[in-house]
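Let's take a look at the empty space inside this one, and then at a pair of helices. Here is the model.

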Amino acid sequence: MRAVDLGRLGAWGHLDSLSIDAARAYARRVDELGYGTLWVPETVGREPFTLLGLLAAETSEILLGTSIVGIWGHDAQTTRMAAQTLQEATGGRFVLGLGVSHPHLAERLRGHTYDRPLTRMREYLAAYRAAVYKGPMAEGAGDPPILIAAIRERMLRLAATDADGAFPYLVTPERLAWTRSVLDEAAVGREQRPILAVTMPAVLEADPEAARISARAYLAPYLRTPAYQASWGEQGFAEADWEKPGSDQLVDAMVAWGDVEALRVRIGHLVEAGADHVAVIPIGPDGTTEHLSTLESLAQS
């Protein structure tokens, strides 16, 4: 486990609503605004390692991270080579976010067998550490830190013992405080405290109706995902809450909305709950995740 400063605030987004030139400009602007880390996920859009390689040349200070790449689509050897290449290309500014993804993405999309996710992640981390890499290394940077997309207890414990920390998704501050306690308990005796990063979907809109339209456009694909349904159940929500299009209670808990001050209050709640880093997902009116004016407003306030 290594110490790394992701910055108090980061930015998370697919960037797929932007042309590649616009994505480059977006990364430059987020870097200029002083955000600590720019995160890109892996779904069915651009390949994240390639995208971050392109953005590495456009940025100078901001860390660049995957949030997340699934272990089913990249063997450990390939991932180690990609991570070290980006670590070198960024001068030590890369963060590797890994996750077990979801059965429908691993099986129907990629043709793998999704089974024993905790065991598979443990095995994957061991294989990653053992992978051979003989390419150039980033001078003085060492291996990039690894965060695991973890929302339930056993995966959180693995994130604390076998990685550098956790990156939960779609959780309340109360659930995040529980997450912090699980990580810290599992890491007793380790030199470094586990990193706890968390995403915060955000709509810069004070009108409740308009804000919830944007929030629901963003949340729609997650409502039918069993892993998030199980997590929401543990957070005190009921099945009726995630029935399409999602209850106001669930939408308001998962997506921050309001004016700049309201968004900053929500960030504060996550920090108070134990987050070391809050990755803002700036949601536009259509549910896309590259609403730059939201990031500009939060940086300037």
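Two cavities of 30 Å³ or more turn up in the structure, which is a predicted model. Here's how they line up:

| Cavity | Space | Lining by class |
|---|---|---|
| Largest | About 80 Å³ | eight nonpolar, two polar and one charged |
| Second largest | About 50 Å³ | four nonpolar, three polar and two charged |

Start with the largest cavity. Its walls are made by Leu170, Val171, Thr172, Pro173, Thr199, Met200, Pro201, Ala253, Met254, Arg266 and Leu270. The elements that put two or more residues into this lining are β8 (195-204), α11 (248-254) and α12. Of these, β8 supplies the largest share, with three residues.

The second largest cavity sits among another set of residues: His14, Asp16, Val40, Pro41, Thr43, Gly45, Arg46, Pro48 and Leu51 line that space.

Now back to α12, since that helix also has a helical partner to look at. How do α12 and α13 cross? The axes of α12 (residues 260-272) and α13 (residues 292-300) come within 10 Å, with a crossing angle of roughly 75 degrees. An angle of 65 to 115 degrees counts as roughly perpendicular, and α12 and α13 are therefore roughly perpendicular to each other. On the α12 side, the contact uses Val260, Leu263, Arg264 and Ile267, while α13 brings in Thr294, Ser297 and Leu298. Sorted by class, that makes four nonpolar, two polar and one charged residues in the contact of α12 with α13.

Notes
Residues numbered from 1 in each chain as written. Predicted model: local features only at pLDDT ≥ 70, side-chain atom pairs only at ≥ 80, totals over all residues. Heavy atoms only, no water. Axes fitted to C-alpha atoms, helices over the stretch in contact; angles between N-to-C directions. Helix = DSSP H or I, 4+ residues; strand = E, 2+ residues; numbered from the N terminus. Parallel < 35°, antiparallel > 145°, perpendicular 65-115°, else oblique. Contact = heavy atoms within 4.5 Å. Nonpolar A, V, L, I, M, F, W, Y, C, P; charged D, E, K, R; others polar. 1 Å grid on protein atoms, 1.4 Å probe; cavity = no way out; pocket = protein on both sides within 12 Å on 5 of 7 lines; lining within 4 Å. Points joined across faces, edges and corners; volume = space filled by probe spheres on them.
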